[in-house]
Amino acid sequence: MTAALWASIVQASAAEHAPRPEIRPVGGEIQLASADVTTSLRPVPRPTVEVVRASSAGNARFQAWLGAFEDRARDQGISQSTLGHALADLSYDLDVIKRDRNQAEFSKPIWEYLDGAVSDTRIANGRAALDRHQKVLRRIEAQYGVEKEVVTAIWGLETSFGTYRGSNPTIRSLATLAFDARRASFFETQLIAALQIIQAGDVSAGRMIGSWAGAMGHTQFMPTSYLDHAVDFDGDGRRDIWSDDPTDALASAAAYLARHGWTKGQPWGVEVRLPEGFDYATAKRDFTLMPSEWAKLGVVGRDGEPVADHGQAAILLPAGGQGVALMIFDNFGVIESYNGADAYVIGIGHLSDRLAGRAPFQTPWPRGDRVLSFTEKKELQTRLTKAGFDTQGVDGRTGPNTIDAVRAYQLAQGLVPDGYPTLKLLERLR
Ligand code: CA
């Protein structure tokens, strides 16, 4: 379920959703094409810059690639009969490449993402889904130890509770993406896994459909995640995540989280209040304390009371020193294994809280600010490095090195050292 590369991948739709622990997304960057808002809310880590070069000539090259691929697939145990069945009359899907290459210059700020991810409509639809499927969700919770609201939140963000599962033939999408050089190795691995699924008889090639990026079913599993984590929960002998009946897919998502270390009863995160004079250098993932220790430093729940000692916790500031401050626990990292973008994890966590009847975030977001564009982030990195605050490279992403450099610059300038890059900061550097 996690993914990073797919950064690019998605922008689109229900697409990509899928377990893809192989790739880590970068930082908290997200992009979301506006068209996605009604379908999928998977945040998209930023893709590498590349030009769409696909053309009709592509199909000839695709057929040549396919011939060579078949040899490699046979070497990995895919039978001639599976290949003949699954790859018959396969053509290149230009639309998939276009979607893959499509990228936005501007990312959405976290609050805009959450406006869609945890909208009133999604909460209402989620409560209805919980109600409709409560029996099976309770059984899933009992077996895997993952709260039904969390499983339902994943269902809600991945496919709007099964409404947008994608209509692309998975083999065609994966073959197109494996042929395309940008992330060929990742997608060839997925394509082989998809052929293994067909060969095992779990589903026919014709029924294997999903997002344009190869994610399948209600909770958008990539083929490797299916092989590793999908379960047959309704007991009919097949792990069927493609069915209209979400039972196997929901149980598979719970199994995935359980196997990645989900702790039942532990929050993913809790909104907290920071004290005057808070040491922003302590707001980082690798600095953890027990909530009672955080309370001694003045970090308490919104109600002013210490947060319960659910385990070691870090402080996460999704919008820097302004906006919501979160105390996050190990379960945050478990959701991250499904999709590594901070915005996605917060979206899942907060939606699950709202489905469970907990309160909306109380602290207002800095809605007047816009986030830096890709180009502006690169400019910021260049200028910081030139000014002696080395970002260890210029890639337009806000990773840990950039955050550290921003923080060091803020400290040197007498600013609040929250490590959060703003337009104001860039203007100061110009
Ligand atoms: Ca089944």
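1. Let's start with the calcium ion. In this predicted model, its protein donors are Asp-232 (OD), Asp-234 (OD), Asp-236 (OD), Arg-238 (O), Asp-248 (OD) and Asp-248 (OD). They lie 2.2 to 3.2 Å from the ion. Notice that Asp-248 appears twice in that list.

2. Now look at how the donors are spread along the chain: their spacing is D-x1-D-x1-D-x1-R-x9-D. The pair Arg-238 and Asp-248 links distant parts of the chain, 10 residues apart. Arg-238 sits in the loop between helix H11 (223-229) and helix H12 (247-259), while Asp-248 belongs to helix H12.

3. Why is the arrangement around the calcium ion irregular? The six donor atoms subtend angles of 43 to 159 degrees, and that makes the arrangement irregular. To count as octahedral, six donors would need opposite donors over 155 degrees apart and all other angles between 65 and 115.

4. Are these two calcium donors buried or exposed? Asp-248 has a relative accessible area of 1%, so it is buried. Arg-238 comes out at 29% and therefore counts as partly exposed.

5. Away from the calcium ion, have a look at the backbone of Asp-89. Its phi is near 55 degrees, a positive value in a residue other than glycine. You'll find Asp-89 in the loop between helix H3 (80-86) and helix H4 (94-101). With a relative accessible area of 81%, Asp-89 is exposed.

6. Phe-161 is worth a look too. Though not a glycine, Phe-161 has a positive phi of about 60 degrees. Its place is the loop between helix H8 (148-159) and strand S1 (168-169). Phe-161 counts as buried because its relative accessibility is 10%, with the cut-off for buried being under 20%.

Key: Residues are numbered from 1 along each chain as its sequence is written. This is a predicted model: local features need pLDDT of at least 70, side-chain atom pairs count only at pLDDT 80 or more; totals for chains, interfaces and linings use all residues. Side-chain values use heavy atoms; hydrogens and water are left out. Donors are N, O and S atoms within 2.8 Å of the metal (3.2 Å for Na, K and Ca); water is not among the atoms, so sites may look incomplete. Four donors count as tetrahedral if all angles lie between 85 and 135 degrees; four count as square planar and six as octahedral if opposite donors are over 155 degrees apart and all others between 65 and 115; anything else is irregular. Helices (H or I, at least four residues) and strands (E, at least two) are DSSP runs, numbered from the N terminus. Buried means under 20% relative accessible area, exposed over 50%, partly exposed in between (1.4 Å probe, protein chains only).
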